[in-house]
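Let's walk through this structure together, from one salt bridge outwards to the chain as a whole. Please keep the model open beside the text as you read.

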Amino acid sequence: MSKLFAYSGREDFFPGGSIYPNPKNSSLFLSLPHHVDVYFPPRKRSRMSSSFECGGEGVVSKENVSIEILPDECLFEIFRRLSGDKERRACAGVSKRWLMLMSNISCHDLISEDEMATKEIEDIEIESDGYLSRSLEGKKATDLTLAAISVGTASRGGLGKLVIRGNYLVGKVTDLGLRAISHRCQSLRVLSLWNLSSIGDEGLCEIAKVSHQLEKLDLCRCPAISDKAVVKIAMSCPKLTDISIESCAKIGNASLRAIGQFCPKLKSIMIKDCPLVGDEGIVSLLSLNTCVMNKVKLQALNVSDVSLAVIGHYGKAVTDAVLTDLKNVSEKGFWVMGNGQGLQNLKSLTISSCNGVTDMGIESIGKGSPNLKHLSLRKCSFLSDKGMVSFAKAVRSLECLQLEECHRITQLGFFGILLNYRKSLKALSLINCLGIKDMNSELPISASSGSLRSLTIRNCYGFGNRNLALLGKLCPQLQNVDFGGLVGIDECGFLAWLQNCQSSLVKMDVSGCVNLTDKVVSSIIERYGSTLEMLNLDGCSNITDASLTSIANNCQLLSDLDVSKCSITDSGIASLARAKQLSLQVFSVAGCSSVSDKCLADLIKLGETLVGLNIQHCNAISGSTVDLLVEKLWRCDILS
């Protein structure tokens with residue numbers, strides 16, 4: 001017998017594993033209340049290093065035996081019989097093992113409201129509508145943290161919003177973590193899972209079993225989650241209103257069919273880069289849910305003209321549509337979508353990188369969407385002036401138009417749009433459209449009191465002086481202007497444009513306009529100094545201290561000034577510092593080689609109101625000066 005109990009830790013204390021044949025068989029436990037749900041993961045038996053002797057009164061240990069030698073089954077029995085919140089809370093904080101065991105007991109009101117069980121739940125936030133919210137990113141995204149959150153929020157109604165941004169290469173969140181959340185957070189409304197390669201169907205199915213209040217589901221780069229889990233969520237969560245699925249290779253048509261069938265309150269759907277999603281899934285989704293769905297976003301999917309035809313026919317409630325990178329959709333698809341007569345309520349449409357967008361297709365969309373307010377077209381290689389002018393004639397209520405990298409749009413199409421939208425268009429953006437050239441001759445167009453208030457013409461290198469002068473006649477009421485990168489405009493063009501401007505400029509961006517001079521800036525400041533709030537002169541190398549002096553003397557509301565890579569010196573900054581009425585909040589002199597340590601006192605003076613200061617690549621400013629600025633302007637975010 002003594003030999004039998006002379007155990008030295010070289011073998012398992014219980015040979016053969018668990019003391020029960022099936023550890024998960026609840027019938028082997030002591031009697032429990034019906035409402036107690038139990039789960040414990042398989043666990044190897046703890047080892048004992050203490051030796052035992054057999055005496056007259058039984059087995060006697062030479063050392064104190066730790067409670068850690070007890071198997072998980074016994075610890076569960078103990079935890080269930082703890083009478084008070086303090087005892088349970090203390091147990092949850094003893095070790096990782098105990099915390100995980102506690103988190104898997106599905107009992108309400110285990111933790112009191114006065115104290116949280118562990119350090120991990122201190123960052124919980126309360127949303128505006130009252131429920132608890134937690135966001136985990138990077139190293140904080142682990143099963144242990146989820147278990148702590150589950151235990152700590154139980155007595156406060158459970159977690160309402162959970163966002164996990166994991167590490168795709170190192171999976172620290174698994175199905176076990178989601179299972180812990182499901183046991184205690186049955187009131188979950190928002191669940192967002194990103195970059196989680198170790199979470200599969202099992203964890204999401206556990207959420208589906210209990211989280212019937214779920215309203216928003218966001219899955220991104222979760223390669224192990226398949227149709228099985230999404231179908232289960234759709235069937236169990238009828239209150240879902242917003243679903244986003246991105247880069248999930250195992251999610252396909254079956255999921256969309258279930259969502260359309262079992263989620264009658266769905267308002268928004270986003271599907272991106274899911275190779276198993278095709279026309280069948282889109283058809284099922286939209287044909288089964290036509291009453292309330294108002295936002296549809298499809299990106300990088302293997303769908304054809306059929307899907308667009310279904311949108312055009314069944315999208316009666318759709319107000320916002322985004323179609324991106326649909327390589328298999330042809331001109332016919334957009335033509336059928338426009339002629340389906342189902343987009344009467346469409347207010348916003350964004351199309352990007354779709355070769356099927358042609359003049360005929362965009363004209364058809366215009367006729368089928370008479371109430372469209374916002375249109376954004378990007379990388380539409382086959383769209384020309386003819387299509388845009390036809391669209392403008394069909395949709396008279398458009399308020400915002402964005403064209404980017406549409407190289408077949410020329411200056412004729414641009415001014416044709418302005419002429420057709422004199423009364424409704426409020427914002428127009430033209431970015432990197434290389435087909436825009438300067439007018440060969442002036443058009444016989446009279447001055448207009450157009451409705452346009454915001455205009456962006458950026459990196460359209462052919463846009464020149466004649467175009468800008470004509471623009472001043474057609475759009476005299478501009479308040480926000482972005483002419484960034486217009487290298488074809490010089491002093492004459494800017495001055496001609498200013499002569500026709502009638503409104504009060506508020507924001508002006510002329511960054512990269514290398515031909516801009518102090519004379520133009522002074523003219524702008526003298527005319528609009530009382531209303532101008534933002535001025536960006538980044539990269540205008542001809543701008544000197546004379547412009548800063550004009551700003552100091554005339555600007556009253558200017559809060560954001562960028563003179564990066566301009567030819568300014570310490571003297572110009574001193575002029576700004578002496579202006580009593582000036583209250584800059586953001587100031588950038590990045591790349592100004594003539595700005596030196598001598599301006600330290602002036603920068604400190606300006607810093608009384610600054611919240612952001614950029615002095616990067618100012619080589620004449622020493623490290624010691626930067627340190628002093630950081631010390632003195634401790635409320636200011638300094639980039640150096």
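A good place to begin is D482, which is buried at 15% relative accessibility; here buried means under 20% relative accessible area, exposed means over 50%, and partly exposed covers what lies in between, with a 1.4 Å probe and protein chains only. Before going further, please note that this is a predicted model, in which local features need pLDDT of at least 70 and side-chain atom pairs count only at pLDDT 80 or more, while totals for chains, interfaces and linings use all residues. Residues are numbered from 1 along each chain as its sequence is written, and side-chain values use heavy atoms, with hydrogens and water left out.

What does D482 pair with in a salt bridge? The partner is R458, and the closest N and O atoms are 3.0 Å apart; a salt bridge is a side-chain nitrogen of Lys or Arg within 4 Å of a carboxyl oxygen of Asp or Glu. D482 sits in strand 19 (residues 480–482) and R458 in strand 18, so the pair ties together parts that are 24 residues apart in sequence. Helices (H or I, at least four residues) and strands (E, at least two) are DSSP runs, numbered from the N terminus. R458 is partly exposed, at 21% relative accessibility. Look also for D509, since R458, D482 and D509 are linked in a network of salt bridges.

The structure holds 12 salt bridges, and two others deserve a visit. E491 forms one with K519, where the closest N and O atoms are 4.0 Å apart. This pair links distant parts of the chain, with E491 in helix 17 (residues 491–500) and K519 in helix 18, 28 residues apart. E491 is partly exposed, with a relative accessible area of 25%. Elsewhere, the side chains of K327 and D325 meet at 2.9 Å, N to O. K327 is exposed at 61% relative accessibility, whereas D325 is partly exposed at 25%.

Now turn to the interior. The largest nonpolar core has 163 residues, and F483 and F587 touch the most other members. Such a core is a set of buried Ala, Val, Leu, Ile, Met, Phe, Trp, Tyr and Cys residues joined through side-chain atoms within 4.5 Å. Helix 18 (residues 518–528) gives the most to this core, with 5 residues. Which residues surround F587, leaving aside its neighbours within four places in sequence? F587 is in contact (heavy atoms within 4.5 Å) with L561, V563, I573, L576, L603, L606, L610, G612, L613 and N614.

Helix 5 (residues 143–153) is another covered element: 11 of its 11 residues are buried. Among them are D143, T145, S150 and T153, alongside L144, L146 and I149.

How many disulfides does the structure hold? There are 0, a disulfide being a pair of cysteine sulfur atoms within 2.5 Å. The sulfur of C513 is 5.7 Å from the closest cysteine sulfur, in C540, which is too far for a bond. C618 is in no disulfide either, as the nearest cysteine sulfur, that of C592, is 5.6 Å away. Both cysteines at the start of these pairs are buried, C513 at 0% relative accessible area and C618 at 5%.

On the surface, L434, Y461, V487 and V514 make a nonpolar patch of about 330 Å². Patches are made of residues with over 30% relative accessible area and no salt bridge, with like charges joined within 9 Å and nonpolar side chains (Val, Leu, Ile, Met, Phe, Trp, Tyr) within 5 Å. L434 lies in the loop between strand 17 (427–431) and strand 18 (454–458) and is partly exposed at 42% relative accessibility.

Two serines are worth a look for their backbone. S247 has a positive phi near 55 degrees and is found in the loop between strand 10 (242–246) and helix 9 (253–262). S353 also has a positive phi, of about 55 degrees, although it is not a glycine; its loop runs between strand 14 (348–352) and helix 13 (359–368). S247 is partly exposed at 23%, whereas S353 is buried at 17%.

Finally, step back to the protein chain, with its 22 helices and 25 strands. Buried residues make up 52% of its 640 residues. Among contacts between residues at least 6 apart in sequence, 81% join residues at least 24 apart.

How values were computed:
Areas by Shrake-Rupley, 256 points an atom, 1.4 Å probe, with all protein chains shown as cover.
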